Amino acid sequence: MVLYLFGYIRPKIPELKVREYDQYKGIYCSLCKRMGKEYGIASRFALSYDSTFLVLMMLGLEDECTPFQPGKCVFNPLKKCNYCTSGQVNFEFASALTVMMTYQKIRDDIEDSGFGGKLKAYLVLSLVAGANKKAAKKYPELKKILDETIATQSQVEKEENPCLDACAEPTAQMLARTFAMIRPTDERLTRVLQNFGYFLGKWVYTVDAADDIEKDIKENAFNPFIIKFGLSKESTQEEIKQVKTYCNESLNAVLSQVVGSYHLMEIHHFEPIIHNIIFEGLPQMQKELLFKKENHDVGSI
C-alpha cells in the first residue's frame with residue numbers, strides 16, 4: 001500500500017467564508033485547467049484535494065499575492081470559474097506529481113486485481129502512459145522520489161510483522177522530500193517544510209490504513225493494523241472499534257506534529273484556508289473515516 005492522492009487533505013467547507021471558499025475553488029479549477037493543458041483532458045480526472053492543498057501551500061509561501069480572473073469552466077462552458085493568473089510554476093509542479101502518482105496507482109491496481117480488473121487497468125494505463133513520461137522528463141527528481149518510495153514500501157510489506165511506523169515511513173519520506181522542493185533556496189524553511197511533509201505523509205498513510213481495515217480484512221490484503229492486532233474475518237465489530245480507537249489516538253499524536261511544524265511557517269496568502277484544512281479539515285476527515293462506518297459489518301465494506 002503506497003501513498004496516492006486519496007483526497008483526504010481537504011477543507012471543512014461549512015467553516016470557510018464565502019470569499020475563502022471562492023478562492024479555494026479558484027485554485028482547484030486553475031489546477032484542473034493546467035493539468036488539461038499540460039497532459040490532456042483525461043488527466044483532469046486525476047485531480048484531487050491533496051494536490052490542491054500542495055498548490056495552496058506553494059502559493060501561500062510566495063511573496064506576491066496571486067490574483068484571480070473570471071473564465072469559463074473547461075468542463076461546462078455555461079459555468080463560470082475563477083482562475084489564478086500567476087504562480088503557474090506551482091500548478092505545473094502539482095500537475096506533474098498528480099499525473100505520476102496516478103500512473104503508479106494504476107500500475108498498483110494491475111498487480112492487485114483479477115483478470116477483469118487488470119484488463120481495465122491496462123486500458124487506462126495506456127491513456128496516461130504518455131502523460132507520465134512527459135511529467136517524469138520535466139521533473140526527474142519527483143520521479144526518483146516516487147520510484148524509491150514504491151521500492152521501499154514493497155520491501156517493508158514483505159517483511160514479517162512490520163510495525164506501523166516502518167510501513168508509514170516511505171510515504172512520510174516521500175512527502176517530506178516533495179515539500180522540501182517547494183523553497184530549496186531557503187534552508188530554514190526547507191527544513192520546516194520537510195518536517196511538515198513528513199508528518200503529513202505519516203498521517204495520510206495511517207488514516208488510509210485505518211479506513212481500509214474492513215475492506216482489507218475482506219480481501220485478505222496487507223494492512224499494518226490487521227497484522228498488529230491479529231484481526232480476521234472472525235473479528236467482531238467491538239474488536240475493530242477498539243482498533244480504530246487506537247488508530248485515532250495514533251493519528252492525534254501525528255497531527256500534533258503537523259500542527260507544530262505549521263506554526264513554524266510564515267504563510268503570506270490563503271492562511272485562513274490552509275488553517276481550516278489543518279485544524280478542522282484533517283480532524284473532521286479523521287473522525288468521519290474512523291467512526292462513520294463502525295456499525296457496518298466487515299462484509300458490507
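**Figure 1. Ile9 in the segment before helix 1.** Ile9 lies in the segment that comes before helix 1, in what is a predicted model. Is Ile9 buried or exposed? With a relative accessible area of 5%, Ile9 is buried. Its company, once neighbours within four places in sequence are set aside, consists of Tyr49, Asp50, Phe53, Leu200, Val204, Ile277 and Leu282. Take Asp50 from that list: Ile9 and Asp50 are 41 residues apart in sequence, yet their C-alpha atoms are 5.1 Å apart in space.

**Figure 2. Helix 1 and the glycine that follows.** Helix 1 covers residues 18–39, and its end C-alpha atoms are 31 Å apart. Why does that agree with expectation? At 1.5 Å a residue, the 22 residues of the helix should span 32 Å, so the two values agree. Within helix 1 sits Ser30, which is buried at a relative accessible area of 6%. Ser30 is in contact with Asn82, Tyr83, Cys84 and Phe91, leaving aside its neighbours within four places in sequence. After helix 1 comes Gly40, with a positive phi near 95°. Gly40 belongs to the loop between helix 1 and helix 2, and at 27% relative accessibility it counts as partly exposed. Follow the chain a good while further and you come to Ala131: Gly40 and Ala131 are 91 residues apart in sequence, but 7.7 Å apart in space, C-alpha to C-alpha.

**Figure 3. Helix 5 packed against helix 6.** Here is a pair of helices to look at together. Two packed helices are described by the angle between their axes and the distance between the axes. Helix 5 (residues 140–157) and helix 6 (residues 164–180) pack at an angle of about 175°, and their axes are 9 Å apart. The two helices are therefore roughly antiparallel to each other. On the helix 5 side, the contact is made by Glu141, Leu142, Lys144, Ile145, Leu146, Glu148, Thr149, Thr152, Gln153 and Val156. Helix 6 contributes Ala166, Cys167, Pro170, Thr171, Met174, Arg177 and Thr178. What kinds of residue make up this contact of helix 5 with helix 6? They divide into eight nonpolar, five polar and four charged.

**Figure 4. Leu164 in helix 6.** Staying with helix 6, this view picks out Leu164, which has its place there. Leu164 counts as buried, at 16% relative accessibility. Which residues does Leu164 touch, apart from neighbours within four places in sequence? They are Tyr205, Thr206, Pro224 and Phe225. Ala209 makes a useful landmark too: Leu164 and Ala209 are 45 residues apart in sequence, with their C-alpha atoms 9.5 Å apart in space.

**Figure 5. Two residues with positive phi, Asn220 and Phe270.** Most residues other than glycine have a negative phi. Asn220 has a positive value near 55° although it is not a glycine, and Phe270 likewise has a positive phi, of about 60°. Each has its place in a loop: Asn220 between helix 8 (213–219) and helix 9 (224–229), Phe270 between helix 10 (237–262) and helix 11 (271–291). Their surroundings make a nice contrast. Asn220 is exposed, with a relative accessible area of 71%, whereas Phe270 is buried, with a relative accessible area of 8%.

**Figure 6. The whole chain and the confidence of the prediction.** To put the close-ups in place, step back to the full protein. It has 11 helices and two strands, and from the N terminus on its elements run α-α-β-β-α-α-α-α-α-α-α-α-α. Of its 301 residues, 50% count as buried. Among contacts with a separation of 6 or more, 72% join residues 24 or more positions apart. How confident is the predictor overall? The mean pLDDT is 89, and 90% of the residues reach 70 or more. Confidence is highest in helix 2 (residues 49–60), at 96, and lowest in helix 4 (residues 115–138), at a mean of 77. Please note residues 294–301 as well: pLDDT stays under 50 there, and the model has 15 contacts beyond four places in sequence for this stretch.

Definitions and conventions:
Residues numbered from 1 in each chain as written. Predicted model: local features only at pLDDT ≥ 70, side-chain atom pairs only at ≥ 80, totals over all residues. Heavy atoms only, no water. Axes fitted to C-alpha atoms, helices over the stretch in contact; angles between N-to-C directions. Helix = DSSP H or I, 4+ residues; strand = E, 2+ residues; numbered from the N terminus. Parallel < 35°, antiparallel > 145°, perpendicular 65-115°, else oblique. Contact = heavy atoms within 4.5 Å. Nonpolar A, V, L, I, M, F, W, Y, C, P; charged D, E, K, R; others polar. pLDDT = per-residue confidence, 0-100. Expected span 1.5 Å × (residues − 1). Buried < 20%, exposed > 50% of the residue type's maximum accessible area, 1.4 Å probe, protein only.
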